[in-house]
Structures are given as structure tokens and as C-alpha cells.
Amino acid sequence: MNIILLGAPGAGKGTHSEMLVKDLGLRHISTGDLLREEVKKASPVGLEAKGYMDKGALVPDAVVMKLLAEAISGTGKSGGFLLDGFPRNESQAEMLEKELSSAGISIDRVLYLNVSEAVVIKRLTGRRICKNCAAVYHVVNMPSRKEGICDKCGGTLYQRPDDTSGTVLRRLDVYRKETEGLINYYKAKRILKEVNADLSRDDTYALIRESLGGK
Ligand code: AP5
């Protein structure tokens, strides 16, 4: 099964990807993670992407598409994958379709995580991530047992540079202008399911599983 997780920054795409990947054995492809990897390596792609990411803007389509194509090329027809944070606009959606159809694969389901802005602002400004294993926490909703330390590996937790309140507002604006239109794009293709992502993590996940027909 090939799935796209669509939703505003902080809707819970990363959180639920982790759960779905574990339960369904899918390959997780997050363009945000791929870009942050390049930034960490200080590669030419990373150096170009960082300026856009820190401002809360989208990285140019051609840069993201190259990373995405490389990630998808390893998936083959079996197993399935989960796209988290891609596509982000209609031109990326069209490029994705082209890329997949040349490999004889298609998207089975688009899950739209519908979340309110007030919820997202609280979630993102409180998010903390492990520097070592990338596990995600929230200072109020999902705190680590020991403040600033990862429960899973003992690594140090940090705040993403784009999770400060000003940049979060900018990301939400970019989402409204560039990405929200994809809801109707995939509705027209009859593969979109909407899930209330304002709920707790477990309640949202139960709805996600239900929308996948218990698969
Ligand atoms: P990316 O990394 O994709 O960020 P995003 O889409 O802004 O989404 P987030 O990772 O912030 O949120 P999420 O929905 O994954 O929420 P999470 O599960 O972590 O992209 C970053 C940047 O890279 C972009 O701004 C852009 O510059 C660039 N980029 C990436 N893809 C691109 C593309 N295709 N084209 C161009 N540029 C691209 O949850 C957030 C917090 O809430 C966590 O603390 C979590 O613990 C908590 N939480 C989650 N769900 C719940 C719940 N149900 N209840 C309570 N707490 C919850």
C-alpha cells in the first residue's frame, strides 16, 4: 500500500508515520527528514535548502524532487511506502504522478490530517527532537522522563530552528497558500480520507487505521 500523509505543519504527520510504518511495514519517506539530513552533512543541496527551511518557506521543487526520486527508486513495487510532507503543491503532485507511473506504481490513499491552527501552534512550539535518534517529544503532551534527555537512547533533545513562534506562523501561511489546494486535488481523484487530528495521538491513530479499512 502506498500512502500520502497530508496536513499542516504540526498535524502529526511524523508522529503517525512512525506508528504506521511500524504497524504496516511501510517505508517512511519524509522530505523534511531528507532535507535535514543534507543540511547536517552541509552538502550543496543542504546549504541551498537551509535558507528556505529556516525562514519557513518551501525549498524549490527541483531540489526536493531529486531527493524524492532517489528515495522512491529504492522502493520497487512491493512493500509500499508512506510519503510524509510530499507533495507540497500541485506541481510536486504532478511530478510525483509522472515519476510513479513510469515505475508502474500509484498512490492508494491520501490521509488528510485536519488540525486547527491553535492546536498546531502549541504542538510545534513545544516539540523537542532527539539529536541522536530523531525521536519526537512534546514538553507538555509527550514529555521525556528526564527533561532534555531522550528516553530511547539518552541523546540530547533540541528545538528545531523553524519551530519558533514567528517561523511557525510563516509555515502555516505557506501551507494555506501552497499546500491546502491539494485537498481538493486528491478529493477529485477519490483517494482522499479526512481524519480529525485535533484529538489525542492514540485517538487520531485509531481514526487513521479505521480510514485504511483496518489494514
Ligand atoms: P517538514 O519536516 O515536513 O515539516 P512540516 O510539514 O512543517 O511538519 P512538521 O514536521 O513540523 O509536523 P508534523 O505534521 O510531522 O508533526 P509531528 O508529528 O512532528 O518540513 C520542514 C521544512 O522542510 C519545510 O518548512 C520546507 O522548508 C522543507 N520541505 C519539506 N518538504 C518539502 C517539500 N515537499 N517541498 C518543499 N519544501 C519542503 O508533531 C508535532 C508535535 O506535536 C510533536 O511534538 C508531537 O509529539 C505532537 N503531536 C503530534 N500529534 C499529536 C496529537 N495527536 N496529540 C498531541 N500531540 C501531538
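Colleague: Is Pro87 buried or exposed?

Modeller: Relative accessible area decides the class: buried is under 20%, exposed is over 50%, and partly exposed lies in between, with a 1.4 Å probe and protein chains only. Pro87 has 2% relative accessibility, so this residue counts as buried. The model is predicted, so local features need pLDDT of at least 70 and side-chain atom pairs count only at pLDDT 80 or more, while totals for chains, interfaces and linings use all residues. Residues are numbered from 1 along each chain as its sequence is written, and side-chain values use heavy atoms, with hydrogens and water left out.

Colleague: Where does Pro87 lie, and which residues is Pro87 in contact with?

Modeller: Helices (H or I, at least four residues) and strands (E, at least two) are DSSP runs numbered from the N terminus. Pro87 belongs to the loop between β3 (81–84) and α5. Contact means heavy atoms within 4.5 Å. With neighbours within four places in sequence left aside, the contacts of Pro87 are Ile4, Leu6, Gln92, Ala93, Leu96, Thr179, Leu182 and Tyr186.

Colleague: What is the peptide bond from Phe86 to Pro87?

Modeller: As a general matter, most peptide bonds are trans. The bond from Phe86 to Pro87 is cis, with omega near -5°.

Colleague: Gln92 appeared in that contact list. Where does Gln92 lie, and which residues does Gln92 touch?

Modeller: Gln92 sits in helix α5, residues 90–102. Gln92 has a relative accessible area of 2% and is therefore buried. Residues up to four places away in sequence are not counted; Gln92 then touches Asp61, Val64, Phe86 and Pro87.

Colleague: Let us turn to backbone angles. What is the phi of Ala42, and what is that of Ala134?

Modeller: In general, most residues other than glycine have a negative phi. Ala42 is not a glycine, yet has a positive phi of about 55°. Ala42 is in the loop between α2 and α3 (44–55), and a relative accessible area of 45% makes Ala42 partly exposed. Ala134, also other than glycine, has a positive phi near 65°. Ala134 is placed in the loop between β5 (127–130) and β6, and counts as partly exposed at 46% relative accessibility.

Colleague: How many disulfides does the whole structure contain?

Modeller: A disulfide is a covalent bond between the sulfur atoms of two cysteines. The criterion here is a pair of cysteine sulfur atoms within 2.5 Å. The search of the whole structure finds zero disulfides. Cys130 is in none; its nearest cysteine sulfur, that of Cys153, is 3.5 Å away. Cys130 is buried, at 2% relative accessibility.

Colleague: Why is Cys133 without a bond to Cys150?

Modeller: The sulfur of Cys150 is the closest cysteine sulfur to that of Cys133, but the 3.7 Å between them is too far for a bond. Cys133 is partly exposed, at 36% relative accessibility.

Colleague: Which polar contacts does the side chain of His138 make?

Modeller: A polar contact is a pair of N or O atoms within 3.5 Å; within protein, one must be able to donate a hydrogen and the other to accept it, and residues adjacent in sequence count only if both atoms are side-chain atoms. The His138 side chain reaches the backbone oxygen of Lys122 at 3.0 Å. A polar atom of that side chain is also 3.0 Å from the backbone nitrogen of Val140. His138 lies in strand β6 and is buried at 8% relative accessibility.

Colleague: How many residues surround the ligand, and which are the closest?

Modeller: A residue is near the ligand if one of its heavy atoms lies within 4 Å of it. There are 36 such residues, the closest being Gly14, Thr15, Ala57, Arg127 and Arg171. Helix α2 gives the most to this shell, with four residues.

Colleague: Which polar atoms of the protein approach the ligand?

Modeller: An N or O atom in the side chain of Arg127 is 2.6 Å from a ligand oxygen. A ligand nitrogen is 2.9 Å from a polar backbone atom of Leu199, and a backbone N or O atom of Arg201 is 3.2 Å from a ligand nitrogen. On its own the ligand has 1,000 Å² of accessible area, of which the protein covers 97%; such areas come from the Shrake-Rupley method with a 1.4 Å probe, and for residues only the protein chains shown count as cover.
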